[in-house]
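Subject: Structure for you to look at

Hi,

Here is the structure I promised to pass on. Have a look at it first, and then read on for what turned up.

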Amino acid sequence: MKKTVPLIILTILAIIGLLTPSIDVTNVADIKIDSGDTAWLLTSSALVLIMTPGLAFFYGGMVSKKNVISTMMQSFICMCIISVLWVIVGFSLAFGDDIGGVIGDPRTFYMMKGMLGNVAWGALPTVPLVLFAMFQLKFAIITPALITGAFAERVRFNSFMVFIILFSIFIYMPLAHATWHPEGILAKFGVLDFAGGTVVHMSAGWAALASAVYLKGRKTPTHSPARISYVILGTALLWFGWFGFNAGSAGAANGLAAYAFATTTTASAVAAIAWIFVDIIRGKKPSAMGACIGAVVGLVAITPAAGFVSIPHSIVIGLVAALVSNLVVFLRSKTSIDDTLDVFPCHGVGGMVGMVLTGVFANSNVNSVVTANGLYFGETSLFLAHVVALIAVSLFAFFGSLLLIKITDLITPLRVHEEEEKLGLDITQHDEEL
């Protein structure tokens, strides 16, 4: 009977969809859809989506050969499950009518109602509302996928599916609403997050740490990466897609999008070089793995700042992020915490570095949305707001995720048996081999 429950739930949702066609047309007189902005956001949405397969290759190349398919499949399934969840209620929870500054009304865009006609999201009046919803969906997809690197090689696939649903509803969507909705509590507090440093990377990083702490270490934690070439390919796809992630968050085909494109390129390149240089100082040879990890750390750190800081300051952000994340990776290796692919040191810490440095370097000349300049320019309010928000978000994401992991484990055991772990998750979870 247990095996039929998921299909029954999906069938019920299909029946609800049959009865809720959402075909009412809404036309708002002062909305003027711009074809150039629409084309750019369509392109950006596709770019952000390709990041998730890129992440699958990035993570898949790092694990042992017997777990490559399982690790990649965890990213792939996020594209499927979160898409359905987003259409039904997720977009409403993130961007629906405000409830207390922390969540959206689930009825606002339930089953994508109100998407037909000449209608747009208030902050982006030149692109169709449905396109904005689909663009934001891609962020919601990759966030739980990022977490998978922390518990790779030891989590049951069925349990993982339960967890990503709970995480998305109770962690990601409240953070997205609080940060990106005009009435969100963090937005009103003055927090700036251009493309997801707080919402995506910090939430995923802290959830990753909570997962690693709860599930404890693997029985055989050391291994040779299965395919370094997969890691390089994954990095290339991530870097390519990240231009949609950051430049697309400008919401239009304009100068701000171009500027975010430039800061993104610069920070990632600097971080990749810095990571290699640190490895050389430690007596290691410059490695493809190190360059790839550094590049991704730079992308993570510039994400919250991409449309708020100058190009020269993006150099500083890339360098600082690489140095701090590299140090945290080293310190983590000295503990018993088995964050398999160092998700917290790279994504969590990278996101926090980016958030703090946004409060340092943001300037209104780059983006008029910045009402208080960063600490570097002699103003303190933005920096202090970011520090307070960093602490609050960290506590919420870590302990909230820890609770959800425990609930998931009670519903269906998260960890595979020791014998399954030894055999590898490709065989035990999917009956497939690389």
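Below are my notes on the cavity, the pocket, the core, the ring pairs and a few single residues.

One thing before the rest: this is a predicted model, and the values here are all computed from it.

**The cavity**

How many cavities of 30 Å³ or more does the structure hold? There is 1, and its volume comes to about 40 Å³. Its lining is made up of Met51, Leu55, Ile142, Leu146, His201, Leu238, Trp242, Phe245, Val296 and His347. Helix 2 (35-60), helix 4 (129-147) and helix 8 (228-246) are the elements that give two or more residues to that lining. Which of the elements gives the most? That would be helix 8, with 3 residues. By class, the lining has 8 nonpolar and 2 polar residues, and no charged ones.

**The pocket**

The largest pocket has a volume of about 990 Å³. You'll find 22 residues around it, and Pro6, Ile9, Met161, Val162 and Ile165 are the ones that lie nearest its centre. Here the elements giving two or more residues to the lining are helix 1 (5-19), helix 3 and helix 5 (157-180). The lining of this pocket splits into 17 nonpolar, 2 polar and 3 charged residues.

**The core**

Next, the nonpolar interior. The largest nonpolar core has 133 residues, and the ones with the most contacts inside it are Phe58, Trp86, Phe91, Tyr172 and Phe245. Helix 3 (residues 68-95) supplies the largest share of this core, with 15 residues.

Phe245 is a good one to click on, as it turns up both in the cavity lining and in that list of core residues with the most contacts. What does Phe245 touch, if you leave aside its neighbours within four places in sequence? Its contacts are Val48, Met51, Phe135, Phe139, Ile142, Ala195, Val200, His201 and Thr303. Of these, Met51, Ile142 and His201 also line the cavity.

**Ring pairs**

Searching the whole structure gives 22 aromatic pairs. Two of them are worth pulling up on screen.

Take Trp86 and Phe91: the ring centres are 5.8 Å apart and the planes sit at 55 degrees, so this pair is tilted. Both residues, Trp86 and Phe91, are buried. They also belong to a cluster, in which ring pairs link Trp86, Phe91, Phe95, Phe109, Trp121 and Phe132.

Then there are Phe135 and Phe139, which both appear among the contacts of Phe245. Why does this pair count as edge-to-face? With the ring centres 5.0 Å apart, the planes of Phe135 and Phe139 are at 75 degrees, and the cut-off for edge-to-face is over 60. Phe135 and Phe139 are 4 residues apart in helix 4, so about one helical turn separates them. Both are buried.

**Two residues in helix 13**

Ser394 sits in helix 13 (residues 381-411). Is Ser394 buried or exposed? Its relative accessibility is 8%, so Ser394 counts as buried. Not counting residues up to four places away in sequence, Ser394 touches Met202, Trp206 and Met352.

Leu382 lies in helix 13 too. Leu382 counts as buried because its relative accessibility is 4%. Setting aside neighbours within four places in sequence, Leu382 is in contact with Gly190, Leu192, Thr358, Gly359, Ala362, Ala372, Asn373 and Gly374. If you want a distance to try, the C-alpha atoms of Leu382 and Trp275 are separated by 29 Å, with the two positions 107 residues apart along the chain.

**Positive phi**

Last, some backbone angles. Most residues other than glycine have a negative phi. Ser22, though not a glycine, has a positive phi of about 55 degrees. You'll find Ser22 in the loop between helix 1 and helix 2, and with a relative accessible area of 18% Ser22 is buried.

Glu153 is another residue other than glycine with a positive value, its phi being near 80 degrees. Where is Glu153 placed? Glu153 is in the loop between helix 4 and helix 5. Its relative accessible area is 5%, so Glu153 is buried as well.

That's it from me. Shout if anything is unclear.

Cheers

Conventions
Residues numbered from 1 in each chain as written. Predicted model: local features only at pLDDT ≥ 70, side-chain atom pairs only at ≥ 80, totals over all residues. Heavy atoms only, no water. 1 Å grid on protein atoms, 1.4 Å probe; cavity = no way out; pocket = protein on both sides within 12 Å on 5 of 7 lines; lining within 4 Å. Points joined across faces, edges and corners; volume = space filled by probe spheres on them. Nonpolar A, V, L, I, M, F, W, Y, C, P; charged D, E, K, R; others polar. Core = buried A, V, L, I, M, F, W, Y, C linked by side-chain atoms within 4.5 Å. Buried < 20%, exposed > 50% of the residue type's maximum accessible area, 1.4 Å probe, protein only. Contact = heavy atoms within 4.5 Å. Phe/Tyr/Trp six-rings, centres within 6.5 Å; stacked < 30°, edge-to-face > 60°.
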